[in-house]
Amino acid sequence: MRIPARETLSRSGTLQTPVYLDHAATTPVDERVLARLVEVLRTHFGNPASNTHAYGWAAARLVEEAREEVAGLIGATAREIVFTSGATESNNLALRGVAERYAGKGRRMVISNVEHASVAAPAARLEREGWRVTRVPVGPDGVLEPAALTAALTPQTVLVSVLAAQNELGTLQPVREIGRLCKERGVLFHADAAQAAGKVPLDVAADGIDLLSLSGHKIYAPKGVGALYVRRRDPRVALSPLQEGGGQERGLRAGTLNVPGIVALGEACRLARQEMAAEGVRLARLRDRLLAAVTGALEGVHLNGCPRRRLPGYLNFSFAGVRAHRLLGALTVLAVSSSSACSSSATEPSPILTALGLPEELARASLRVSLGRFTTQEEVDFAAERIVAVVTDLRREAAG
Ligand SMILES: *Cc1c(COP(=O)(O)O)cnc(C)c1O
């Protein structure tokens, strides 16, 4: 991938361009989170495992406070939170850690066909090691039908792993129904909530979730920190570590803790919990405004994913007759992505969109726009105006 020069950041009127509308890929660090991060980096450098002096005690206390905040966001208890380097590690730990401990029950796992690579790849590895992995297809709206999941479960099924919100579409899965189905059959349920946590309410008790992954950099904390929730009762989930050493995190994830990152994650979770309701309303309004402006001005706009069950702030649309890479090439004033941006070449249709049964022409023409905490109405209006102008130009060019 070609990385443009730094000088491409500039201003257009009062806006800094490109306007950042790719919050599904990563979010900027919130200033309030940054303040905690800097404070810890500057002042609390102790190793939380050092229990012989105040430097260690202070660091350990900060970590435990952060653990409470992360747990609080998802209705867990602090002892059920394991800090990791991000959702990729959490997902790998959940799948491989469970697989190792429960292989005796049966070697079957069920996932959806729209999982993030950090679930799909460890599942594929387990398959090569002799596990049976069933990939339940989602419907044309990107939502998993609980009945389809039920049909895939067998008495040998150890784990179901379904992402709470799909990263390319923003589509929300019926987590609570899935949790209930899994409970009824004594199957463990892991939810990759990297996109959902902090944006929509999640409650591991009410939702019947046994393992849950989340990531700092999707919720305005820095990259390189995340967490895995591991249920401790009803049932107590057994897990094998991927990384061994000094026995940190109750032996589940060895390595000196990333104290600044963990404190930042805790603060990000606290803020998300506090602001989720109001922010969700604001983002949904901006998203609908953007969608209305684009569909009001253009024919042949296809909204991908479920129009109702979706994260606030996320839009994935396809424009008939326009290729995503041409669209992105012409939309340099917007930092947006086509669904396939990071997983494959620009001309390959996104496997997620093809999984929805979208015709190849539309799958190749998708644009993901994801708004965030600092997105303004001015930015949204600018984005709508640019998208309409560029699509109109490209279509005119194709016709002429
Ligand atoms: C971003 C993301 C991940 C990976 O998270 P990292 O913290 O970047 O490793 C996993 N799953 C989903 C759904 C994501 O959006």
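# A guided tour of the chain and its ligand

Buried residues make up 54% of the 400 residues in the chain, and since this is a predicted model, every value along the tour is computed from predicted coordinates.

**The whole chain.** Begin with a cartoon of everything, coloured by secondary structure, in which eleven helices and 14 strands can be traced. The radius of gyration is 22 Å, close to the 21 Å that the globule rule gives for 400 residues, so the chain is as compact as a globular protein of that length. If you align the view to the principal axes, the C-alpha trace spans about 70 × 55 × 35 Å.

**The ligand.** Select the ligand next, together with the shell of 13 residues that surround it; the closest of these are Thr88, Asp192, Gln195, Ser215 and Lys218. Which kinds of residue make up this shell: nonpolar, polar or charged? The shell divides into two nonpolar, nine polar and two charged residues. Its largest share, three residues, comes from helix α3, which runs over residues 87-102.

Now show the atoms of Ala87, His217 and Lys218 and examine how each one approaches the ligand. At Ala87 the partner is in the backbone, where a polar atom is 2.9 Å from an oxygen atom of the ligand. At His217 it is an N or O atom in the side chain that is 2.7 Å from a ligand oxygen, and at Lys218 a polar side-chain atom likewise lies 2.7 Å from an oxygen atom of the ligand. Switching to a surface view shows how far the protein encloses the molecule, for it covers 88% of the 380 Å² of accessible area that the ligand has on its own.

**Helix α3 and Glu89.** Stay with helix α3 and pick Glu89, which lies in it. Is the residue buried or exposed? Glu89 counts as buried, because its relative accessibility is 14% and the limit for that class is under 20%. Add Gly226 to the selection and draw the C-alpha to C-alpha distance, which is 8.2 Å although the two residues are 137 residues apart in sequence.

**Two cis peptide bonds.** Peptide geometry is the next topic. Most residues other than glycine have a negative phi, and most peptide bonds are trans. Select Thr17 and Pro18, which are joined by a cis peptide bond with omega of about -5°; Pro18 lies in the loop between β2 (15-17) and β3 (19-20). Then move to Asp234 and Pro235, where there is a cis peptide bond with omega of about -5°. Pro235 belongs to the loop between β10 (226-230) and α7 (259-297).

**Positive phi at Glu249 and Arg250.** Follow that loop onward to Glu249, whose place is also between β10 and α7. Its phi is near 55°, a positive value in a residue other than glycine, and Glu249 is buried, with a relative accessible area of 9%. Select Arg250 as well, which has its place in the loop between β10 and α7 and a positive phi, near 50°, again in a residue other than glycine. Arg250 is partly exposed, because its relative accessible area of 45% falls between the limits of 20% and 50%.

**Helix α7 and Leu283.** Continue into helix α7, in which Leu283 is found. Leu283 is buried, with a relative accessible area of 7%. Where it meets a remote part of the sequence can be followed by selecting Leu371 too, since the C-alpha atoms of Leu283 and Leu371 are 7.0 Å apart in space while the residues are 88 apart in sequence.

**The loop at Gly321.** Then select Gly321, which lies in the loop between β12 (314-319) and α8 (324-330). With 48% relative accessibility, Gly321 counts as partly exposed. A distance drawn from its C-alpha atom to that of Arg364, 43 residues away along the chain, comes to 9.6 Å.

**The cysteines.** Finish with the sulfur atoms. A disulfide is a covalent bond between the sulfur atoms of two cysteines. How many disulfides are there, when a pair of cysteine sulfur atoms must lie within 2.5 Å to count? The count comes to zero disulfides by this rule. Two cysteines to select are Cys182, which is buried with a relative accessible area of 0%, and Cys306, which is buried with a relative accessible area of 1%.

Methods. Residues numbered from 1 in each chain as written. Predicted model: local features only at pLDDT ≥ 70, side-chain atom pairs only at ≥ 80, totals over all residues. Heavy atoms only, no water. Near = heavy atom within 4 Å. Polar contact = N/O pair within 3.5 Å; in protein donor to acceptor, adjacent residues only side chain to side chain. Areas by Shrake-Rupley, 256 points an atom, 1.4 Å probe, with all protein chains shown as cover. Helix = DSSP H or I, 4+ residues; strand = E, 2+ residues; numbered from the N terminus. Nonpolar A, V, L, I, M, F, W, Y, C, P; charged D, E, K, R; others polar. Disulfide = S-S within 2.5 Å. Buried < 20%, exposed > 50% of the residue type's maximum accessible area, 1.4 Å probe, protein only. Rg over C-alpha atoms; globule rule 2.2 N^0.38 Å.
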